[in-house]
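Biologist: I'd like to learn how the labels people put on a structure are earned. Could we go through some of them together?

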Amino acid sequence: MENQKRLVAINDISGFGKCSLTVAIPIISAAGVETICMPTAVLSTHTGGFTGYTYRDLTCDMPDISAHWKSIDLKPDAIYSGFLGSFDQIDIVKKFAEDFKREDNLFIADPCMADHGKMYAIFDKKFAKAMAELCAKADIILPNITEACFMTDTEFVSGIHTEEYIESLLNKLLDMGAENVVLTGVTFEESKLGAAFMGQDRIAQYYFQERLPGMYHGTGDVFASAFCGAVLNGISYYDAMGIAARYVCDCIKRTQSIENPITYGVDFERGIPFYIKELGKI
């Protein structure tokens, strides 16, 4: 039997709300991948729709965690970075990637900082520039369209997109330094929503699902986690994008059948058998 794959997930822990590490650990583990976590912060809930939440910043702990892992010669097969709450954390992850990146492993970056045409409240355009510098070091990045626009200084276009607009964004992201790009939130018609992939051949590939009503917190983390698990199972970036999209769609449909507020996140847990089955189809 081959050795188990190992991934380091760098993200925050929101105790309630189904996002970040509380999503990444179970989903990536379900793909058979050992999931090691470097928490960037601990919150009582996520920040989207909740007030009065607790927040403990762990920036000062991150270099010591990295140093200890280096001392024990930890060799991850992938590094996956998600929400980073400060410039200092971006610099720490850059250093972590330099210390642990090898020719035979992957650095996957999800630049969690914006959506729906706006930066998250705690970030600004300077942060987007710093995040772009981090993404330039990655083997593959997973931005949504808003994040891609801020990192490439491109005007955000809402609603229906053109192939010319999407492929211009993809090319700009590759020009920025990223090796491969999966761009989420792509839509060419009102009834479909999906993602686009482009690698060094500069040929865009698309995957679409039916557009489902509502906006659910944490679906980006579900997508990224499912993508990481698929890639570490030897699945191509394009096929992993499709698996992640189908899993997110499955989670949303299940969530729509229950009465939880949308701030509670999606029912990804009961969809894990669906995800595992999808991994086996490729």
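**How the labels are earned**

Modeller: Happily! Let's begin with Lys75, which counts as partly exposed at 41% relative accessibility. Please keep in mind that this is a predicted model.

Biologist: Why is Lys75 called partly exposed?

Modeller: Buried means under 20% and exposed means over 50%, with partly exposed in between. Lys75 has 41%, so partly exposed is the right label.

Biologist: What makes the pair Lys75 and Asp73 a salt bridge?

Modeller: The rule asks for a side-chain nitrogen of Lys or Arg within 4 Å of a carboxyl oxygen of Asp or Glu. Between Lys75 and Asp73 the N to O distance is 2.5 Å, so the pair passes. Asp73 is partly exposed too, with a relative accessible area of 49%.

Biologist: How do you know that Lys94 and Glu133 form a salt bridge?

Modeller: Their closest N and O atoms are 3.2 Å apart, and the limit is 4 Å, so they qualify. Lys94 lies in helix α3 and Glu133 in helix α4 (residues 125–135), so this pair ties together parts that are 39 residues apart in sequence.

Biologist: Are Lys94 and Glu133 buried or partly exposed?

Modeller: One of each! Lys94 has 15% relative accessibility, which is under 20%, so Lys94 counts as buried. Glu133, at 40%, counts as partly exposed.

Biologist: Which residues are joined into one network by salt bridges that share partners?

Modeller: Lys70, Lys95 and Asp99. Take Lys70 and Asp99: their closest N and O atoms are 3.6 Å apart, so this pair also meets the 4 Å rule. Lys70 sits in helix α2 (residues 62–71) and Asp99 in helix α3 (residues 87–100), 29 residues apart. Both residues count as partly exposed, Lys70 at 47% and Asp99 at 27%.

Biologist: How many salt bridges does the rule give in total?

Modeller: The count comes to 14.

Biologist: Let's turn to Ser81. Why is Ser81 called buried?

Modeller: Ser81 has a relative accessible area of 1%, and the label needs a value under 20%, so Ser81 is buried. This residue is found in strand β4 (residues 78–81). Leaving aside neighbours within four places in sequence, the contacts of Ser81 include Ile10, Val93, Phe107 and Leu134.

Biologist: And what makes Tyr275 buried?

Modeller: The relative accessibility of Tyr275 is 0%, again under 20%, so buried is the label. Tyr275 lies in helix α9 (residues 272–281).

Biologist: How do you know that Tyr275 is in contact with Ile27?

Modeller: Contact means heavy atoms within 4.5 Å, and Ile27 is among the residues that meet this for Tyr275, as are Ala31, Gly229 and Tyr247. Tyr275 and Ile27 are 248 residues apart along the chain, and their C-alpha atoms are separated by 8.5 Å.

Biologist: Now the whole chain, please. How many helices and strands are there?

Modeller: The protein chain has 9 helices and 11 strands.

Biologist: Why is the chain called as compact as a globular protein of its length?

Modeller: The radius of gyration is 18 Å, and the globule rule gives 19 Å for 282 residues; the values are close, so the description fits.

Biologist: What percentage of the residues count as buried?

Modeller: Of the 282 residues, 53% do. And among contacts between residues at least 6 apart in sequence, 68% join residues at least 24 apart.

Terms used
Residues are numbered from 1 along each chain as its sequence is written. This is a predicted model: local features need pLDDT of at least 70, side-chain atom pairs count only at pLDDT 80 or more; totals for chains, interfaces and linings use all residues. Side-chain values use heavy atoms; hydrogens and water are left out. Helices (H or I, at least four residues) and strands (E, at least two) are DSSP runs, numbered from the N terminus. The radius of gyration is taken over C-alpha atoms; the globule rule is 2.2 Å times the number of residues to the power 0.38. Buried means under 20% relative accessible area, exposed over 50%, partly exposed in between (1.4 Å probe, protein chains only).
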